[in-house]
Amino acid sequence: MAIFFSNFNSIFNDAAQPWQLGFQDSAAPGFTGLVTLHNTIGFYLIIISFAVFWVIFSISYYYNSTKNPIAHKYLTHGTVIELIWTISPALILIAIAFPSFRLLYLMDEVISPTLTIKVVGHQWYWSYEYSDFITDQGNSIDFDSYMVPESDLELGQFRLLDVDNKLIIPVDCHIRLIVTGDVIHSYAVPSLGLKLDCVPGRLNQVSFLAERPGTFYGQCSEICGVWHGFMPIVVEAVSSPDFLVWIDTASQ
């Protein structure tokens, strides 16, 4: 049975879908941590909601004026219950805070990068520069990335999401992005757990690692003008040999 299912390739959700409510499939450790934290907090939220609604229902049902016309004298003070509803929220907040801070600092940590890419947001397209590599003319490898117009879309391409030049990265390598912009943009690729503000006159950086090959879609997530909705991002993760072949081709 295992051999039978191993012949099928996995299908990942790496692009936004119509009426989508859940997350895209994770392709980076940081985003996996975000989804896990979201599910953990959701579990606490469900437990708290049931407890609160049960208390409200019990009080409304058992302690109304019809069933209890005379108030019980011991209901005016309750040291035990007051301790419970004071300590319990504090313990829940601590249980949420520790994994939250741990994930926050792990995602902010920039591990020694294998590759550094400079990203510049323009109105309304993206520019990429591979400063670690140079062309035959001695310049860094750089290019602009524009959205593919609807009239030029080919079969299988996504409307408002595909671009003419993708950002190519190697799999299982620590990548550092250094971002800025002409106005405030936000570089966001959900499957890779990326969302970083591009601020004029300032360089922000983020580190990530793609765990599997694939094509990952994102968009500018900060209103930056009339064509804000037409600044898609496409990141393609390939194997290291394929990446070196692409670098060799781009440097010519």
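In this predicted model, strand 6 (residues 185–189) runs antiparallel to strand 7, and five bridges join the two. One pair along this ladder can be named, since Ser186 has Asp197 in strand 7 as its bridge partner. Strands 6 and 7 belong to an open sheet of five strands, whose order is 4-10-9-6-7 and whose pairing is mixed. At the edges of this sheet stand strand 4 (167–170) and strand 7 (194–198), each of which pairs on one side only. From one strand to the next, the twist averages 25 degrees. Helix 4 (residues 240–250) packs on this sheet, where it touches strand 4 and strand 10 (232–238), and the direction of the helix makes about 135 degrees with that of strand 4.

As a general point, the strands of a sheet pair through backbone hydrogen bonds, and they may do so in a parallel or an antiparallel way.

**A second sheet**

Another open sheet of five strands has the order 3-2-1-5-8, again with mixed pairing. Its edge strands are strand 3 (140–145) and strand 8, each pairing on one side only. Neighbouring strands in this sheet are turned against each other by 25 degrees on average when direction is ignored. The table follows the pairings across this sheet, with an example of two facing residues for each.

| Strands | Sense | Bridges | Example of facing residues |
|---|---|---|---|
| Strand 2 and strand 3 | antiparallel | six bridges | Tyr130 and Ile141 |
| Strand 1 and strand 2 | antiparallel | six bridges | His122 and Tyr125 |
| Strand 1 and strand 5 | parallel | seven bridges | Lys118 and Ile178 |
| Strand 5 and strand 8 | antiparallel | six bridges | Leu177 and Val206 |

Which strands of this sheet pair in the parallel sense over seven bridges? They are strand 1 (residues 115–122) and strand 5 (residues 174–181), and Ile178 of strand 5 is the bridge partner of Lys118. Strand 5 also pairs with strand 8 (residues 204–209), but there the sense is antiparallel.

Helix 4, which was described above as packing on the sheet that holds strand 4 and strand 10, also lies across strand 1, strand 2 and strand 3, running at about 95 degrees to strand 2.

**Turns and unusual backbone geometry**

Two hairpins link strands of the second sheet. Strand 1 is joined to strand 2 by a hairpin that passes through two residues, while the hairpin formed by strand 2 (residues 125–134) and strand 3 has five residues between the strands. In the turn of that hairpin, Gly138 has a positive phi of about 90 degrees.

For judging such values, it helps to know that most residues other than glycine have a negative phi, and that most peptide bonds are trans. Where in the chain does a cis peptide bond occur? Such a bond joins Gln123 and Trp124, with an omega of about 5 degrees, and Trp124 lies in the loop between strand 1 and strand 2. Another tryptophan, Trp19, has a positive phi near 60 degrees although it is not a glycine; Trp19 is found in the loop between helix 1 (2–6) and helix 2.

**Helical stretches annotated in the record**

The unreviewed UniProt entry gives the annotation "transmembrane region" to residues 41–63 and 83–105. In the model, residues 41–63 are 96% helix and 0% strand, and the C-alpha atoms at the ends of this stretch are 32 Å apart. Residues 83–105 are 100% helix and 0% strand, with end C-alpha atoms 33 Å apart.

**The second largest pocket**

Rolling a probe the size of a water molecule over the atoms shows where empty space is left. The second largest pocket has a volume of about 510 Å³, and 24 residues line it, with Gly30, Leu106, Met107, Ser207 and Phe208 lying nearest its centre. Which elements give two or more residues to this lining? They are helix 2 (29–62), helix 3 (79–108), strand 7 and strand 8. Strand 7 is an edge strand of the sheet with the order 4-10-9-6-7, and strand 8 is an edge strand of the sheet with the order 3-2-1-5-8, so the lining draws on an edge strand from each of these two sheets. By residue type, the lining divides into 15 nonpolar, five polar and four charged residues.

Note on methods:
Residues numbered from 1 in each chain as written. Predicted model: local features only at pLDDT ≥ 70, side-chain atom pairs only at ≥ 80, totals over all residues. Heavy atoms only, no water. Pairing = 2+ DSSP bridges. Helix = DSSP H or I, 4+ residues; strand = E, 2+ residues; numbered from the N terminus. Axes fitted to C-alpha atoms, helices over the stretch in contact; angles between N-to-C directions. Contact = heavy atoms within 4.5 Å. UniProt positions renumbered as here; feature names shortened; annotations may be inferred. 1 Å grid on protein atoms, 1.4 Å probe; cavity = no way out; pocket = protein on both sides within 12 Å on 5 of 7 lines; lining within 4 Å. Points joined across faces, edges and corners; volume = space filled by probe spheres on them. Nonpolar A, V, L, I, M, F, W, Y, C, P; charged D, E, K, R; others polar.
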